[in-house]
Amino acid sequence: MNLTNIEKTLCLNINHAESFIFNTKYELIIKLILSSSTNEFRACEIGNELIKDYCSIDDLNRADLKDLEFKIKKIGFYRQKALRLKKAAQLIIQKFNGVIPSKYDDLILIPGIGQKSAKKFLSLVEDSNYVMVDTHLRRVIKRLFNSFENLKDNEIEKFVIDNIENKNLTNFSNLVTSFGKDFCTSLKPKCSICFFKNFCNFDK
Ligand code: SF4
């Protein structure tokens, strides 16, 4: 089975629900920083609460670190993330005059925004088209094509770009990530009911 057929199968069977609902770029940046190694829906809930108290980049820049920590302490790595939020606000003010940038190379300078978050941001704000390699996409691709065990993220990205006929890379990434969360989970993949069980090379 090739990637295009995998995408077609996922399109028919997987319902991707976007977790990042947002009104402003500021809100989205906060939620993306909070979502690192955390359930995205949970990160967005906490983000919604946080922006009630810190309505703008300036508010966030002035925030008391302990207060920030307290407000987000229900999610993992909250101390690290509180610091990243402060530093992100600081950088956006100092380097971008308080305006959240819209270029990939600028976005990845923001503390807490890695390459996947930057691509996610651009796909949601600018409708840009990217392969978003995250822990789920990486795991699914490696299991489906088990000779790919040692593939690096940029090689996975290239493989997807080269092999998805319609080039709708964001859609493919979202579908595979949802599939990885619901079916091909890290510890207990649902192989017995998986659409790819006859093709998949995992654990054979
Ligand atoms: S058969 Fe199992 S390991 Fe392979 S893609 Fe499906 S859920 Fe994942």
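Visitor: Into which domains is the protein chain divided, and which residues belong to domain 1 and to domain 2?

Guide: In this predicted model, domain 1 takes in 3–16 + 131–193, while domain 2 covers 25–114. The C-alpha centres of domain 1 and domain 2 lie 28 Å apart.

Visitor: What elements make up the protein chain, and in what order do they run from the N terminus on?

Guide: The protein chain holds 11 helices and 0 strands, and from the N terminus on the order is accordingly α-α-α-α-α-α-α-α-α-α-α.

Visitor: Why does the radius of gyration of the protein chain agree with that of a compact globule?

Guide: For 204 residues a compact globule would have a radius of gyration near 17 Å, and because the protein chain has 18 Å, the value agrees. Along the principal axes, the C-alpha trace of the protein chain spans about 55 × 30 × 30 Å. Of the 204 residues in the protein chain, 29% are buried, and among the contacts with a separation of 6 or more, 59% join residues 24 or more positions apart.

Visitor: Which residues of the largest nonpolar core touch the most other members?

Guide: That core has 27 residues, and those that touch the most other members are Ile29, Ile30, Ile33, Leu85 and Ala88. Two or more residues each are given to this core by helix 2 (25–34), helix 3 (40–53), helix 4 (57–62), helix 6 (78–96) and helix 8 (115–125), and the largest share, 7 residues, comes from helix 2. Ala88 touches Ile29, Ile33, Ile110, Pro111 and Gly112, when residues up to four places away in sequence are not counted. Apart from this core lies another, of 14 residues, among them Ile141, Val160, Val176 and Cys184. In soluble globular proteins, nonpolar side chains tend to be buried together.

Visitor: Which residues are around the ligand, and how do they divide into nonpolar, polar and charged?

Guide: The residues around the ligand are Arg143, Leu144, Phe183, Cys184, Pro189, Lys190, Cys191, Cys194, Phe196, Lys197, Cys200 and Phe202. This shell divides into 9 nonpolar, no polar and 3 charged residues. Cys184, one of the residues around the ligand, is also among the members of the core of 14 residues.

Visitor: Why is Val125 called partly exposed?

Guide: A residue is buried with 20 or more other C-beta atoms within 10 Å and exposed with 12 or fewer; Val125 has 16, and is therefore partly exposed. The place of Val125 is in helix 8, and, with neighbours within four places in sequence left aside, Val125 is in contact with Lys25, Leu28 and Ser102. Although Val125 and Phe22 are 103 residues apart along the chain, their C-alpha atoms are separated by 9.7 Å.

Visitor: Why is Asn97 called exposed, and what is the sign of its phi?

Guide: The cut-off for an exposed residue is 12 or fewer other C-beta atoms within 10 Å, and because Asn97 has 7, Asn97 is exposed. Asn97 lies in the loop between helix 6 and helix 7 (104–107), and its phi is positive, about 55°, although Asn97 is not a glycine. Most residues other than glycine have a negative phi.

Visitor: What makes Asp127 exposed, and where does Asp127 lie?

Guide: With 8 other C-beta atoms within 10 Å, Asp127 is set against the limit of 12 or fewer, and therefore counts as exposed. Asp127 lies in the loop between helix 8 and helix 9 (135–144), and its phi, near 60°, is a positive value in a residue other than glycine.

Visitor: Why does Thr4 count as partly exposed, and which residues does Thr4 touch?

Guide: Thr4 has 13 C-beta neighbours inside 10 Å, and since exposed residues have 12 or fewer and buried ones 20 or more, Thr4 counts as partly exposed. Thr4 is placed in helix 1 (residues 3–13) and touches Asn163, Ile164 and Glu165, residues up to four places away in sequence not being counted. The C-alpha atoms of Thr4 and Ile164 are separated by 5.1 Å, while the two residues are 160 residues apart along the chain.

Notes. Residues are numbered from 1 along each chain as its sequence is written. This is a predicted model: local features need pLDDT of at least 70, side-chain atom pairs count only at pLDDT 80 or more; totals for chains, interfaces and linings use all residues. A residue is near a molecule or strand if its C-beta atom, placed from the backbone, lies within 6 Å of it. Ala, Val, Leu, Ile, Met, Phe, Trp, Tyr, Cys and Pro count as nonpolar, Asp, Glu, Lys and Arg as charged, and the others, Gly among them, as polar. A nonpolar core is a set of buried Ala, Val, Leu, Ile, Met, Phe, Trp, Tyr and Cys residues joined through C-beta atoms within 7 Å. Helices (H or I, at least four residues) and strands (E, at least two) are DSSP runs, numbered from the N terminus. Two residues are in contact if their C-beta atoms, placed from the backbone, lie within 7 Å. Domain bounds come from an automatic or database domain assignment. The radius of gyration is taken over C-alpha atoms; the globule rule is 2.2 Å times the number of residues to the power 0.38.
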